Amino acid sequence: MHENKQTNHTAIYDLKGLNCPLPVLKAKKRLAAMQPGSRLWLETTDPLAVIDIPAFCADAGHQLVETSAVSGGHRFLVERGAERA
């Protein structure tokens with residue numbers, strides 16, 4: 001499966017250097033302004049993000065498409081969920 005084309009057109013939100021709860025709060029605000037089905041890479045250095053981001057996605061109805069460890073932190077590919085009533 002080739003994701004490179006998708007990755008090249010997916011926005012990256014740099015949340016490095018921010019600690020809990022700021023990565024989730026900023027991701028929540030950014031995703032709220034996006035269309036359902038659109039994707040966003042979140043880049044973090046907060047060790048708690050590996051717990052916080054998946055929990056936020058599950059709670060907010062977003063899909064966590066991919067998680068990867070990178071030098072100094074993590075990357076999360078989040079797909080914006082449908083609007084909640």
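I'll start with a pairing: strand β2, residues 39-44, is joined to strand β4 by 6 bridges, and the two run antiparallel. One position to find on screen is W41, which stands opposite L77 in β4. Before going further, please keep in mind that this is a predicted model.

Strand β4 has another partner. Strand β3, residues 63-70, is joined to β4 by 7 bridges, again in an antiparallel arrangement. Here S68 stands opposite R75 in β4. The connection between β3 and β4 is a hairpin with 2 residues between the strands. In that turn, G72 has a positive phi of about 85°.

So much for the pairing of β4. Is strand β4 largely enclosed or largely open? It is largely enclosed by the rest of the structure, because 6 of its 7 residues, in the stretch 73-79, are buried.

Let me step back to the whole chain. The protein chain has 3 helices and 4 strands. Along the sequence they come in the pattern α-β-α-β-α-β-β. There are 85 residues, and buried residues make up 32% of them. Taking contacts between residues at least 6 apart in sequence, 66% join residues at least 24 apart. The chain exposes about 5,300 Å², and carbon and sulfur atoms supply 54% of that area.

Now the interior. In soluble globular proteins, nonpolar side chains tend to be buried together. In this model, the largest nonpolar core has 14 residues. Those with the most contacts inside the core include L31, L40, L42, I53, F56, F76 and V78. Which elements each supply at least two residues of this core? They are β1 (11-15), α2 (22-32), β2, α3 (49-60) and β4. Helix α3 gives the most, with 4 residues.

V78 is a useful residue to click on. Leaving out residues up to four places away in sequence, V78 touches L31, S38, R39, L40, L42, C57, H62, Q63 and L64.

Next, the charged side chains. Side chains of opposite charge can pair when their charged atoms come close. How many salt bridges does a search of the whole structure find? The search finds 4, and I will go through three pairs.

In one of them, the side chains of R39 and E79 meet, at 2.9 Å from N to O. This pair links distant parts of the chain, with R39 in strand β2 and E79 in strand β4, 40 residues apart.

Another is between E43 and R75, whose closest N and O atoms are 2.8 Å apart. E43 lies in strand β2 and R75 in strand β4, so the pair ties together parts that are 32 residues apart in sequence. Are E43 and R75 buried or exposed? Both E43 and R75 are buried. R75 has come up already, as the residue in β4 opposite S68.

The remaining pair on my list is K16 and D14, where the side chains meet in a salt bridge of 3.8 Å, N to O. K16 counts as partly exposed because its relative accessibility is 42%. D14 is partly exposed as well, with a relative accessible area of 46%.

These last two pairs belong together: D14, K16, E43 and R75 are linked in a network of salt bridges.

To close, back to β4. This strand pairs with β2 and with β3, supplies at least two residues of the largest nonpolar core, and carries both E79 and R75.

Technical notes:
Residues numbered from 1 in each chain as written. Predicted model: local features only at pLDDT ≥ 70, side-chain atom pairs only at ≥ 80, totals over all residues. Heavy atoms only, no water. Buried < 20%, exposed > 50% of the residue type's maximum accessible area, 1.4 Å probe, protein only. Pairing = 2+ DSSP bridges. Contact = heavy atoms within 4.5 Å. Areas by Shrake-Rupley, 256 points an atom, 1.4 Å probe, with all protein chains shown as cover. Core = buried A, V, L, I, M, F, W, Y, C linked by side-chain atoms within 4.5 Å.
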